[in-house]
Amino acid sequence: MFDTMKVAHKIREARISQNMTQMNLADAMAVSYQAVSNWERGSSCPDISKLKQLCQILHISMDELLGSESTSKTLNRIIQKDESAEDWDEPVTMEEIQEFAPILPPADVERLVDDNLESQEEEKLDLSAIIGLAPFLDSEYLDSLTKRAHVDSLSELAGLAPFLSKDALDSLVKNSDPQADMSGIISLAPFLSSETLDWLARKVPSVDGLAGLTGLAPFLSEDTLDYLVRNANLDTDLSGIIGLAPFLSRETLDWLACEVPSANGLHGLIGLAPFLSKDVLDHLVKKSDLEADLSGIIGLAPFLSRETLDWLALRIPSVSGLNGLIGLAPFLSKDTLNHLVKNANPDTDLSGLTGLAPFLSKETLQEMAEALMKGKNLDTLKSIVPFL
């Protein structure tokens with residue numbers, strides 16, 4: 001196997017043994033000093049046409065330079081293919097072409113690939129080998145090869161995408177089945193034109209709803225996503241809208257904050273809450289029906305302001321008793337809860353008092369215990385004992 005670093009080491013070793021400087025070798029090879037320096041660091045290799053001359057100057061054989069007889073033989077076959085118009089030798093394999101591509105001119109690589117393909121009974125492309133050769137081939141030539149390949153999924157082309165033209169990738173995507181091959185399309189998305197991405201944005205929701213666009217969202221324009229969301233069915237496509245939320249404009253998010261509750265109540269905003277402003281959420285909660293929408297309010301609690309949480313703490317008990325505050329308790333201040341419990345009626349709000357016990361101060365719990373003992377509410381007293 002051709003090993004760039006081994007060749008680099010051998011060039012340096014042989015040059016020193018010949019008592020030559022890098023400048024001496026550069027002059028003898030008619031190349032720049034930097035070229036020789038790059039050879040010896042392994043960052044590049046001598047052109048294939050110069051290897052024989054290099055071996056002669058350094059007084060080493062091709063086998064020594066390349067590290068093995070088999071590697072040298074493969075290289076000789078490639079050179080023969082390049083120098084002879086006759087096809088008397090067996091084709092060079094794709095693996096062999098890939099091995100020596102770093103030191104071959106692009107035109108020679110293309111010629112060897114064509115020769116290999118012509119020798120096959122069926123023109124079935126080895127896509128993995130082409131991916132390995134992609135950095136050494138012209139994009140137009142790569143486009144033509146890709147058209148000849150049998151591709152089961154566009155994800156197979158992910159390794160080729162940086163080297164293919166936008167036109168070729170756009171054509172492949174537009175001729176694919178977005179529903180069946182979305183993972184492949186997403187892998188190609190960074191390399192597609194804005195026109196094709198917009199085409200996908202219009203096509204995919206008609207099949208999979210907006211949820212089908214989640215993987216593509218980072219590559220779609222904000223205007224496109226805003227348009228799709230504002231024209232979506234908020235009842236049936238809410239999960240898809242939530243998936244797109246990180247990529248929507250502030251205006252569209254505020255619009256959703258007003259529209260979603262009318263269709264799904266405040267509960268429908270829970271998935272969107274991390275992307276909505278505190279002011280908007282506070283406003284919606286304060287004008288909601290505290291009794292009918294309590295589960296939605298509890299779901300939004302982590303995103304509400306301290307002022308709104310305190311406002312809720314004062315109003316919910318009048319609607320649902322202290323029991324209605326249990327879901328909100330982790331987000332309320334201890335002082336607020338202590339005040340509410342101390343002013344509650346232990347005879348009518350026992351379940352609420354018990355549910356809030358984990359969030360109360362020791363002093364308030366002690367006062368509760370004394371009141372329960374006086375009222376002989378021993379069962380309720382047992383429930384708060386673990387917190388005393």
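A salt bridge is taken here as a side-chain nitrogen of Lys or Arg lying within 4 Å of a carboxyl oxygen of Asp or Glu. The structure examined is a predicted model, and by this criterion the count of salt bridges in it comes to seven. In general terms, side chains of opposite charge can pair when their charged atoms come close.

One such pair is formed by E195 and K174, whose side chains meet in a salt bridge with an N to O distance of 2.8 Å. E195 belongs to helix α13 and K174 to helix α11, so the pair ties together parts of the chain that are 21 residues apart in sequence. Neither partner is buried: E195 counts as partly exposed at 43% relative accessibility, and K174 is likewise classed as partly exposed, at 33%.

A salt bridge is also found between K286 and E307, where the closest N and O atoms are 2.8 Å apart. This pair links distant parts of the chain, with K286 in helix α18 (residues 278-286) and E307 in helix α20 (residues 306-320), 21 residues apart. K286 is partly exposed, with a relative accessible area of 31%, and E307 is partly exposed at 46%.

The salt bridge between D108 and R111, in which the closest N and O atoms are 2.2 Å apart, is instead contained within one helix. Both residues lie in α8 (residues 106-119), three residues apart, which corresponds to about one turn of the helix. An α-helix has 3.6 residues a turn, so residues three or four places apart point the same way. The two partners fall into separate accessibility classes, D108 being buried at 10% relative accessibility and R111 being partly exposed, with a relative accessible area of 41%.

The acidic residue D181 presents another arrangement, since D181 is buried yet has no salt bridge, and the nearest side chain of opposite charge, that of K203, is 13 Å away. That separation lies outside the 4 Å cut-off for a salt bridge. D181 is placed in the loop between α11 (166-174) and α12 (182-188). Its side chain does, however, make a polar contact with the side chain of S153, at 2.9 Å. When neighbours within four places in sequence are left aside, D181 is in contact with S153 and L154.

Two of the helices that carry salt-bridge partners were also examined for their buried residues. In α13 (residues 194-203), the buried residues are T196, L197, L200 and A201. Viewed down the axis of α13, these residues fall within an arc of 145 degrees, and they therefore line one face of the helix. The buried residues of α13 pack against α11, α12, α14 (205-208) and α15 (222-230); α11 is also the helix in which K174, the salt-bridge partner of E195, is located. In α18, the buried residues are V280, L281, D282, L284 and V285. The elements covering the buried residues of α18 include α17 (250-264), α19 (294-300) and α20, and α20 is the helix that holds E307, the partner of K286.

With respect to cysteine pairing, a search of the whole structure finds zero disulfides. The sulfur of C45 is 13 Å from the closest cysteine sulfur, in C55, which is too far for a bond. From the side of C55, which is in no disulfide, the nearest cysteine sulfur is that of C45, 13 Å away. Both cysteines are classed as buried, C45 with a relative accessible area of 16% and C55 with a relative accessible area of 5%.

Backbone geometry was considered last. Most residues other than glycine have a negative phi, and most peptide bonds are trans. N19, although not a glycine, has a positive phi of about 60 degrees. This residue, N19, is situated in the loop between α1 (4-17) and α2 (22-29) and counts as exposed, at 70% relative accessibility. H59 is likewise not a glycine and has a positive phi of about 60 degrees. H59 is found in the loop between α4 (51-58) and α5 (62-66), and at 59% relative accessibility H59 counts as exposed.

Technical notes:
Residues numbered from 1 in each chain as written. Predicted model: local features only at pLDDT ≥ 70, side-chain atom pairs only at ≥ 80, totals over all residues. Heavy atoms only, no water. Helix = DSSP H or I, 4+ residues; strand = E, 2+ residues; numbered from the N terminus. Buried < 20%, exposed > 50% of the residue type's maximum accessible area, 1.4 Å probe, protein only. Lys, Arg positive; Asp, Glu negative; His and termini not counted. Polar contact = N/O pair within 3.5 Å; in protein donor to acceptor, adjacent residues only side chain to side chain. Contact = heavy atoms within 4.5 Å. Arc of directions from axis to C-beta. Disulfide = S-S within 2.5 Å.
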